[in-house]
Amino acid sequence: MTEDALPAEAGLPADILAKADFRYNEYAWRIKDIPEVIRAATRAGFMSLGGQLQIRIPDAIGECHWVETDPAGLAPADLPWAVRIRMVEELALQDWEELKAHYDFAEQVRLAFPAVLEPYLATGGKLEDALWFTWYVIDEENERQHREAEGLEE
């Protein structure tokens, strides 16, 4: 992808994009919106690739790369696309619930980014407004091209 090209997530429905924060050519959504993003991706014909927890405040973005989910690799590649994306949707929703049960997202952001979070909170910022989650998607053609480039297609 070139710097000028929009990421695949730009193809999600407008109501989903309206809830996103878009910076540095990357979309992220509030924690509460991720299940809706996952479902919308499937309805739009995209496969959910997963994402990571981030802090997003006016002066900083940081990633908690250890708080992530990657459901796409769990669906057999030999299934038809429509079947795979529905399977990945279910896996992604399950992974999402397990991730939320395993991690306290607010605690992880507090531990990872105290130097930027504390001044933000001290000036009236709200912790829930700083918690975001990237969510990546891919369409069938780009997924096929990626698999071919990786030598995964026969």
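## Quick tour: a turn, two cores and a helix pair

Tyr24 sits in the loop between β1 (21–23) and β2 (26–30). This is a predicted model, and that loop is a handy place to start before heading inside. Of the 35 residues in the largest nonpolar core, Trp29, Phe133 and Trp135 touch the most other members, and Ser48 has a side-chain polar contact with Trp135.

**The β1–β2 loop**

- Tyr24 isn't a glycine, yet its phi is positive, near 55°.
- With 75% relative accessibility, which is over the 50% cut-off, Tyr24 counts as exposed.
- Asn25 is in the loop between β1 and β2 too, and here again a residue that is not a glycine has a positive phi, about 60°.
- Asn25 comes out as partly exposed because its relative accessibility is 25%, a value in between the 20% and 50% cut-offs.

**The cores**

- Helix α2 (residues 34–43) gives the most to the 35-residue core, namely five residues.
- Apart from that core there's another one, made of seven residues, including Met47, Trp81, Ile85 and Ile138.
- As background, nonpolar side chains tend to be buried together in soluble globular proteins.
- Trp135 has a long list of partners beyond four places in sequence, and among them are Tyr27, Trp29, Ile34, Val37 and Ile38.
- The contacts of Trp135 also take in Glu9, Ser48, Gly50, Gly51, Thr69 and Ala92.

**Ser48, a serine on the inside**

- Ser48 belongs to strand β3 (residues 47–57).
- Its relative accessibility is just 1%, so Ser48 counts as buried.
- The side chains of Ser48 and Trp135 make a polar contact at 3.0 Å.
- Setting aside neighbours within four places in sequence, Ser48 touches Ile38 and Ala41, both of which are buried residues of α2.
- The other contacts of Ser48 are Pro71, Ala72, Val88, Ala92, Trp135, Tyr136 and Val137.

**Helix α2 and its surroundings**

- Seven of the ten residues in α2 are buried, which leaves the helix mostly covered.
- Those buried residues are Ile34, Pro35, Val37, Ile38, Ala40, Ala41 and Thr42.
- What do the buried residues of α2 pack against? They meet α1 (14–17), β2, β3, α3 (81–102), β5 (131–134) and β6 (136–138).
- Gly45 follows α2, and its phi is positive, near 90°.
- Thr42 and Arg86 are 44 residues apart in sequence, but their C-alpha atoms are 6.4 Å apart in space.
- Arg86 is part of helix α3, and its relative accessibility of 46% is why it counts as partly exposed.

**The α4–α5 pair**

- To describe two packed helices, you give the angle between their axes and the distance between the axes.
- For α4 (residues 105–112) and α5 (residues 114–122), the axes come within 6 Å and cross at roughly 110°.
- Angles of 65 to 115 degrees count as roughly perpendicular, and α4 and α5 are therefore roughly perpendicular to each other.
- On the α4 side the contact uses Val109, Arg110, Leu111 and Ala112, while α5 brings Pro114, Leu117, Glu118 and Leu121.
- Sorted by class, this contact has six nonpolar residues, two charged ones and no polar ones.

Methods. Residues numbered from 1 in each chain as written. Predicted model: local features only at pLDDT ≥ 70, side-chain atom pairs only at ≥ 80, totals over all residues. Heavy atoms only, no water. Axes fitted to C-alpha atoms, helices over the stretch in contact; angles between N-to-C directions. Helix = DSSP H or I, 4+ residues; strand = E, 2+ residues; numbered from the N terminus. Parallel < 35°, antiparallel > 145°, perpendicular 65-115°, else oblique. Contact = heavy atoms within 4.5 Å. Nonpolar A, V, L, I, M, F, W, Y, C, P; charged D, E, K, R; others polar. Buried < 20%, exposed > 50% of the residue type's maximum accessible area, 1.4 Å probe, protein only. Polar contact = N/O pair within 3.5 Å; in protein donor to acceptor, adjacent residues only side chain to side chain. Core = buried A, V, L, I, M, F, W, Y, C linked by side-chain atoms within 4.5 Å.
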